[in-house]
Amino acid sequence: MSGKSFFIDTTKCTACPGCQIACKQWNMNPGIKTTQRGTHQNPEDLSYVTYKLVRFSELEENGKPKWYFFADQCRHCITPPCKIMAESLNVKAITQDSSTGAVLYNPKVKVKEKEFKQIRESCPWDIPRWDGKTQGMAKCTMCIDRISEGLLPACVKTCPTGTMNFGDSDKMLEMAQKRLAEVKTAYPKAELTGVDFQRAIILFADDPKKYYKFAAAEPVGEITRSAAIKKVFQPIINLARAAG
Ligand code: SF4
Ligand code: SF4
């Protein structure tokens with residue numbers, strides 16, 4: 001596959017959360033006032049000014065606390081449902097960079113709240129966010145301004161553990177598959193997601209749902225995300241499988 005991809009190896013993440021802060025800094029996005037909610041995850045969710053969020057899932061397993069960390073962001077889908085939905089609504093806010101494959105939102109394009117809700121609902125990973133004041137949409141840009149100058153995305157450059165990786169898609173897939181084989185002994189349930197249809201390949205050590213409800217795509221809402229996946233991704237996967 002041509003273009004660029006992330007490889008996110010959650011088995012190495014310490015939830016420091018340097019990637020989240022680097023993303024804020026590079027994009028000059030303001031901080032958000034937070035409150036103590038009984039978790040280290042802050043802010044509570046992605047937003048118009050938070051493109052990257054380190055999610056903390058705090059579970060109890062075998063009577064002991066267990067943490068699952070996941071640096072959440074746009075997956076830069078190869079065939080993006082958000083873009084397809086936007087085009088069906090005649091919203092011209094989403095483009096795809098031909099060289100890297102990055103899915104890019106133009107926050108200056110005004111989008112009505114009703115249309116935004118449909119666009120957000122079409123995303124299997126619940127990524128798009130909207131601002132009521134500007135009426136623009138925003139999310140991770142793949143740091144297109146950095147990578148077009150030969151730099152790494154800010155989150156990847158900052159990550160001290162090797163969790164965040166970025167490069168040519170073929171190389172990222174190779175790296176992900178090699179790492180999966182390495183961790184299978186320690187984590188027998190480990191799996192890669194996004195290999196067939198995302199530019200963010202993610203290695204989870206355990207069931208992705210333990211990390212976050214949208215870590216792996218699930219049906220929710222009126223227009224189900226599973227329907228979006230079946231409609232958009234399944235034909236592509238079928239074609240790829242038929243081609244061997
Ligand atoms: S910078 Fe790396 S180790 Fe720290 S939270 Fe982000 S992905 Fe995890
Ligand atoms: S992850 Fe969601 S927001 Fe990102 S490209 Fe895919 S559908 Fe669009």
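# Two ligands, a hairpin and some odd backbone angles

Biologist: Before we get to the ligands, how many disulfides does a search of the whole structure find?

Modeller: This is a predicted model, so keep that in mind throughout. A pair of cysteine sulfurs would have to lie within 2.5 Å to count. Searching the whole structure on that basis, the number of disulfides is zero.

Biologist: Fine, then which residues are the closest to ligand 2?

Modeller: Its shell has 14 residues. Helix H2 (81-88) and strand S5 (103-105) each put in at least two of them. The closest are Cys-74, Arg-75, Cys-77, Cys-82 and Cys-123.

Biologist: And where does ligand 2 sit?

Modeller: The shell around ligand 2 has eleven nonpolar residues, one polar and two charged. As for the site, ligand 2 sits in the largest cavity.

Biologist: Is Cys-123 buried or exposed?

Modeller: Cys-123 is among the closest residues to ligand 2. Its relative accessible area is 8%. The cut-off for burial is under 20%, so Cys-123 comes out as buried.

Biologist: Over to ligand 1: which residues come nearest?

Modeller: Here too there's a shell of 14 residues. By class that's ten nonpolar, four polar and no charged ones. Nearest come Cys-13, Cys-16, Cys-19, Cys-159 and Thr-161.

Biologist: What about Cys-159, buried or exposed?

Modeller: Cys-159 is one of the residues nearest to ligand 1. Its relative accessible area is 17%, and the line is drawn at under 20%. Cys-159 therefore counts as buried.

Biologist: Which residue joins Cys-16 in a cis peptide bond?

Modeller: Cys-16 is another of those nearest to ligand 1. Most peptide bonds are trans. In this one, omega is about -5 degrees. The partner belongs to the loop between S1 and H1, and it is Pro-17.

Biologist: Thr-14 lies in a loop as well, so is it buried, exposed or partly exposed?

Modeller: The loop in question runs between strand S1 (4-9) and helix H1 (18-26). The C-alpha atom of Thr-14 is 9.4 Å from that of Tyr-68, 54 residues away along the chain. Thr-14 has a relative accessible area of 49%, and exposed means over 50%, so the label is partly exposed.

Biologist: How many bridges join S2 to S3?

Modeller: Strand S2 covers residues 53-61 and strand S3 residues 64-72, and the two run antiparallel. Leu-59 has Lys-66 as its bridge partner, while Glu-60 stands opposite Pro-65. The bridge count for the pair is nine.

Biologist: And which residue in the turn has a positive phi?

Modeller: Most residues other than glycine have a negative phi. S2 and S3 make a hairpin with two residues between them. The turn residue with phi at about 55 degrees is Asn-62.

Biologist: After H2 comes Asn-90; is that one buried or exposed?

Modeller: H2 itself has buried residues, including Cys-82 and Met-85. Asn-90 is in the loop between H2 and strand S4 (94-96), with a positive phi of about 60 degrees although it isn't a glycine. With 56% relative accessibility, Asn-90 is exposed.

Biologist: Last one: where is Gln-135?

Modeller: Gln-135 also isn't a glycine, and its phi is positive at about 60 degrees. At 30% relative accessibility, Gln-135 counts as partly exposed. Its place is the loop between strand S6 (129-130) and strand S7 (137-138).

Note on methods:
Residues are numbered from 1 along each chain as its sequence is written. Chains are lettered from A and ligands numbered from 1 in the order in which they are written. This is a predicted model: local features need pLDDT of at least 70, side-chain atom pairs count only at pLDDT 80 or more; totals for chains, interfaces and linings use all residues. Side-chain values use heavy atoms; hydrogens and water are left out. A residue is near a molecule or strand if one of its heavy atoms lies within 4 Å of it. On a 1 Å grid over the protein atoms alone, a cavity is a set of points where a 1.4 Å probe fits but cannot get out, and a pocket is an open set with protein on both sides within 12 Å along at least five of seven lines; lining residues have an atom within 4 Å of a point. A molecule sits in a cavity or pocket if more than half of its atoms lie within 2 Å of its grid points. Helices (H or I, at least four residues) and strands (E, at least two) are DSSP runs, numbered from the N terminus. Ala, Val, Leu, Ile, Met, Phe, Trp, Tyr, Cys and Pro count as nonpolar, Asp, Glu, Lys and Arg as charged, and the others, Gly among them, as polar. Buried means under 20% relative accessible area, exposed over 50%, partly exposed in between (1.4 Å probe, protein chains only). Two strands pair if DSSP finds at least two bridges between them.
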